[in-house]
Amino acid sequence: MDIEIDNGSGFCFGVTTAIHKAEEELDKTGHLYCLGDIVHNSNEVERLKHKGLETITHEQLQQLHGVKVLLRAHGEPPETYETARRNNIEIIDATCPVVLQLQRRISKSYNERKEELPQIVIYGKRGHAEVNGLVGQTEGSAIVIESLAEIDKIDFGRDIYLYSQTTKSLQGFKTIVEEIKKRTEPHVQFYSFDTICRSVANRIPQIRAFAARHELVLFVCGKKSSNGRNLFNECVDANPNSHLISNEHDIDPSWLRGISSVGICGATSTPRWLMTQVKESIESLVES
C-alpha cells in the first residue's frame, strides 16, 4: 500500500511561531499560562500540557497577577492587553503577523470615522478567537456574517467596510463582495479588503490535487478547527472517499479494504507528528 503524507499540510507560520515561543519559555521555567487553546488540536494541546502549558480562560486571566501569559496566533482584543497592564501580567505575544496587520487596518477604519459610526463588516466565524479580536478593534460594533445567508444584517444604505477572517474561503469572500455590490444604494461607498492569508488560501488547490490522486484520504484535524472544516470539505469535493479523523484511534480498518493508495493530510493546526502517527497506525493495520 502506498501511504503518503501531504507535504503542504501542517502548522502554518503563525501556529509554528506560537508553539516555538511556548516551548522556549517552558524549557526555561517549566510553566506558562496560555489564553485559550494554543492551537485547535487537542492532541497538540495535551502534548504541551505535559510540558507545563496551562490553558486559561478570559475569566481566569482577570484573577491572575504578576505572571507570564502567552497570547496565541489568533490575536486578542484591546481589553485583554488592558487587563494584563492592570494586573502586572507579562504578555508573550504570539499573534500572527497577518492577523496583527488586519487588526490594525480595522482599528484604523473604525477610529478615523468613529463619529460617523462606520459600518465595519467581518466575514468570519462568529465566536472564533480571531474574530473576537477583530470585533474588539471596533468596541464590539462590527457586524459578523458567516455566509451569504446572513448578508441582510448589513444596512445597504450606509457606507460599508468589508474585511475577512484570515482563514476564510477566498471564493466565499468574493461571493459576498459581489452580492453587496448588487445591493448597495447608489450614494453608498463600499470598500472591500481581501485580508485572507494566502499561505492558507493557497492550500486549497494543493490539497484538492493531493486528495484526487489517492483512493482514500484521511484528513487529520481537531474538532474546533474552522480552517480544518473548510479544507476537509475541499477534500470531500475532490475525493468523496475522504474521512475526517482526530487521531489514529478514529481509523476504521474497513476503510482500508481493497485500497492501494492512502493520502494523509490536515489543517493549519494539525501537527506533523500526529499525521506520522496515523501513517504508522495504517502500516500496522495493513501488516496485521
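In the predicted model, helix α1 passes helix α2 in a left-handed crossing. Helix α1 spans residues 13-29 and helix α2 residues 42-51, and the two pack at an angle of about 20° with their axes 10 Å apart. Because angles under 35 degrees count as roughly parallel, α1 is described as roughly parallel to α2. On the side of α1, the contact is made by Ile 19, Glu 23, Leu 26 and Asp 27; α2 contributes Glu 44, Arg 47, Leu 48 and Lys 51. By residue class, this contact of α1 with α2 comprises five charged and three nonpolar residues, with no polar ones.

A second helix pair is formed by α5, residues 97-112, and α6, residues 129-136. Their axes come within 9 Å and cross at roughly 30°, and α5 and α6 are therefore also assigned as roughly parallel to each other. The crossing of α5 past α6 is right-handed, whereas that of α1 past α2 is left-handed. Val 99, Leu 102, Gln 103 and Ile 106 of α5 meet Glu 130, Gly 133 and Leu 134 of α6. The residues of this contact of α5 with α6 divide into four nonpolar, two polar and one charged.

Several residues of the second helix pair recur in the surroundings of Thr 166. This threonine is located in the loop that lies between strand β8 and helix α7, the latter covering residues 170-183. Thr 166 has a relative accessibility of 5% and so counts as buried, the cut-off for burial being under 20%. When residues up to four places away in sequence are not counted, Thr 166 touches Val 98, Val 99 and Leu 102, together with Glu 130. The remaining contacts of Thr 166 are with Thr 195, Ile 196 and Cys 197. Of these partners, Val 99 and Leu 102 in α5 and Glu 130 in α6 also take part in the contact between the two helices.

The strands were examined next. Four of them form an open sheet in the order β3-β2-β4-β5, in which the pairing is parallel. The edges of this sheet are occupied by β3 (53-56) and β5 (90-93); each has a single partner strand, so one side of each is left without a neighbour in the sheet. On average, neighbouring strands of the sheet are turned by 35° against each other, direction ignored. Strand β2, which comprises residues 32-35, pairs with β3 in the parallel sense over four bridges. Within this pairing, Leu 35 has Ile 56 in β3 as its bridge partner. In general, strands of a sheet pair through backbone hydrogen bonds, in either a parallel or an antiparallel manner.

Strand β6, residues 119-123, is mostly covered, with five of its five residues buried. Gln 119, Val 121 and Tyr 123 point one way from β6, while Ile 120 and Ile 122 point the other way. Residues on both sides of β6 are thus buried.

Two parallel pairings involve this strand. Over five bridges, β6 pairs in the parallel sense with strand β8, which consists of residues 160-164; Tyr 163 in β8 is the bridge partner of Ile 122. Three bridges join β6 to strand β7, residues 143-145, and these two strands likewise run parallel. In β7, Ile 143 is the bridge partner of Val 121.

Technical notes
Residues are numbered from 1 along each chain as its sequence is written. This is a predicted model: local features need pLDDT of at least 70, side-chain atom pairs count only at pLDDT 80 or more; totals for chains, interfaces and linings use all residues. Side-chain values use heavy atoms; hydrogens and water are left out. Axes are lines fitted to C-alpha atoms, for helices over the stretch in contact, and angles run from 0 to 180 degrees between N-to-C directions. Angles under 35 degrees count as roughly parallel, over 145 as roughly antiparallel, 65 to 115 as roughly perpendicular and the rest as oblique. A crossing is left-handed if the near helix is turned anticlockwise from the far one by less than a right angle, and right-handed if clockwise. Contact means heavy atoms within 4.5 Å. Ala, Val, Leu, Ile, Met, Phe, Trp, Tyr, Cys and Pro count as nonpolar, Asp, Glu, Lys and Arg as charged, and the others, Gly among them, as polar. Buried means under 20% relative accessible area, exposed over 50%, partly exposed in between (1.4 Å probe, protein chains only). Two strands pair if DSSP finds at least two bridges between them.
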